[in-house]
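Visitor: I'm new to reading protein models. Could you take me through this one, question by question?

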Amino acid sequence: MVELKRSYEECRRQRLEENKKRMEELNIGKLALALKASSTPKSSPAKQVKRPRVSLDVSSVPVRRSSRTANKPPPNYKEVPIEPLGSLRRSYRRGSLLSRFYASDGARQDAIERAEQLESDLGSDFPTFLKPMLQSHVSGGFWLGLPVYFCKEHLPDEDEMITLVDEDEDEFPTKYLAEKNGLSGGWRGFAIDHELVDGDALVFQLINPTTFKVYIIRASELPYDEDKDKDSDASKLDNEDKDKDSDASKLYNEDKDKDSDASQLDGIAKRTRASRKRSL
């Protein structure tokens, strides 16, 4: 056991001596000393002092410009306030919900019938269609949807400006939306300028590919003959009422006469009964 320990120690000493010799051959010790001597502690970047920046006067530096603009005055980049332009669109005031006109069913149907008659009188030289007005057409959103069949047959396939010409030959440009088959921009101005209300009926006549002649039939208007008939009917009703009142007054007078006759008879009967009692 003792011999094994000695052999181990001898091997260890022998290995150490060999390693020392190798290190001396490679000059590792000298290199380590040289590195220690040459190495200096580096300052951390956080502790570095920032140098103040020198502000450069821009006016003293010549501006690099193209030869094409060298003789022109330098541009001015200062913000200049611009005066607001006047509104190019007409301004319309929205009406309140309380001031809206709601047509009765009779007035609406009457306007449609008269518009159909006008449409038939226009003939078939130009394509036409009839459009009764609703609240959404003449208030709120002011969107006018056109018949799909008419748009597909006669109107452009893309968005286009369409002119509406009224009966006074005044023109109103409107924006036609092909995908939605309706009039958007400009229709509001036409509706307000002509005071269109719920129940009115409009006849559109396409006089050229982008121009409509528009005829307006008012729901509140009635033809002259119908006014006369209605006035005569009203006078007849007044006369009938007067006759009824006169008949009622006659009946009242007759009842009064009957009451007076009955009171006279009652008086006579009372007197006869009293005379009989006295005679007894």
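Guide: Sure, and one term comes up a lot: a residue is buried under 20% relative accessible area, exposed over 50%, and partly exposed in between (1.4 Å probe, protein chains only). This is a predicted model, in which local features need pLDDT of at least 70, side-chain atom pairs count only at pLDDT 80 or more, and totals for chains, interfaces and linings use all residues. Residues are numbered from 1 along each chain as its sequence is written, while side-chain values use heavy atoms and leave out hydrogens and water.

Visitor: Okay, is D110 buried or exposed?

Guide: Take its relative accessible area, which is 13%. The cut-off for buried is under 20%. So D110 is buried.

Visitor: How many helices and strands does the chain have?

Guide: Both are DSSP runs numbered from the N terminus: helices are H or I with at least four residues, strands are E with at least two. Reading along the sequence gives α-α-α-β-α-β-α-β-β-β-α-β-β-α. The tally is 7 helices and 7 strands.

Visitor: What share of the chain's residues counts as buried?

Guide: For the outside, accessible areas come from the Shrake-Rupley method with a 1.4 Å probe, and for residues only the protein chains shown count as cover. The chain exposes about 23,300 Å², with carbon and sulfur atoms supplying 53% of that. Of its 280 residues, the buried share is 21%.

Visitor: How many salt bridges does a search of the whole structure find?

Guide: You need a side-chain nitrogen of Lys or Arg within 4 Å of a carboxyl oxygen of Asp or Glu. D198 and R108 are one such pair, with their closest N and O atoms 2.9 Å apart. The search of the whole structure comes back with 4.

Visitor: How many residues apart are D198 and R108?

Guide: D198 is in the loop between α6 (187-193) and β6 (201-208), and R108 is in helix α3 (residues 105-122), so the salt bridge links distant parts of the chain. Both D198 and R108 are buried. Along the chain, their separation is 90 residues.

Visitor: And which residue forms a salt bridge with R114?

Guide: R114 is buried, because its relative accessible area is 19%. Its partner is also in helix α3, 4 residues away, about one turn of the helix. With the closest N and O atoms 2.9 Å apart, that partner is D110.

Visitor: In the salt bridge of E169 and K213, which residue counts as buried?

Guide: The side chains meet at 2.6 Å, N to O. E169 counts as exposed because its relative accessibility is 52%. The partner's 10% puts it on the buried side, so the name you want is K213.

Visitor: What is phi of E169 near?

Guide: Most residues other than glycine have a negative phi. E169, in the loop between β3 and β4, has a positive value. Phi of E195 is positive too, near 55°. For E169, the value is near 65°.

Visitor: Which residues form the negative surface patch?

Guide: Patch members have over 30% relative accessible area and no salt bridge; like charges are joined within 9 Å, nonpolar side chains (Val, Leu, Ile, Met, Phe, Trp, Tyr) within 5 Å. Lys and Arg count as positive and Asp and Glu as negative, leaving out His and the chain ends, and a charge is placed at NZ of Lys, CZ of Arg, CG of Asp or CD of Glu. E158 counts as exposed, since its relative accessibility is 63%. The patch is D157, E158, D159, E160 and E179.

Visitor: Which residues does E160 touch, not counting those up to four places away in sequence?

Guide: Contact means heavy atoms within 4.5 Å. E160 is in strand β3 and is partly exposed, because its relative accessible area is 35%. With those sequence neighbours set aside, E160 touches T174, K175, Y176 and T210.

Visitor: Last one: how much accessible area does the nonpolar patch have?

Guide: M23, L26 and I28 form it. M23 is in helix α1 (residues 2-26) and counts as partly exposed because its relative accessibility is 43%. Together, the patch residues have about 280 Å².
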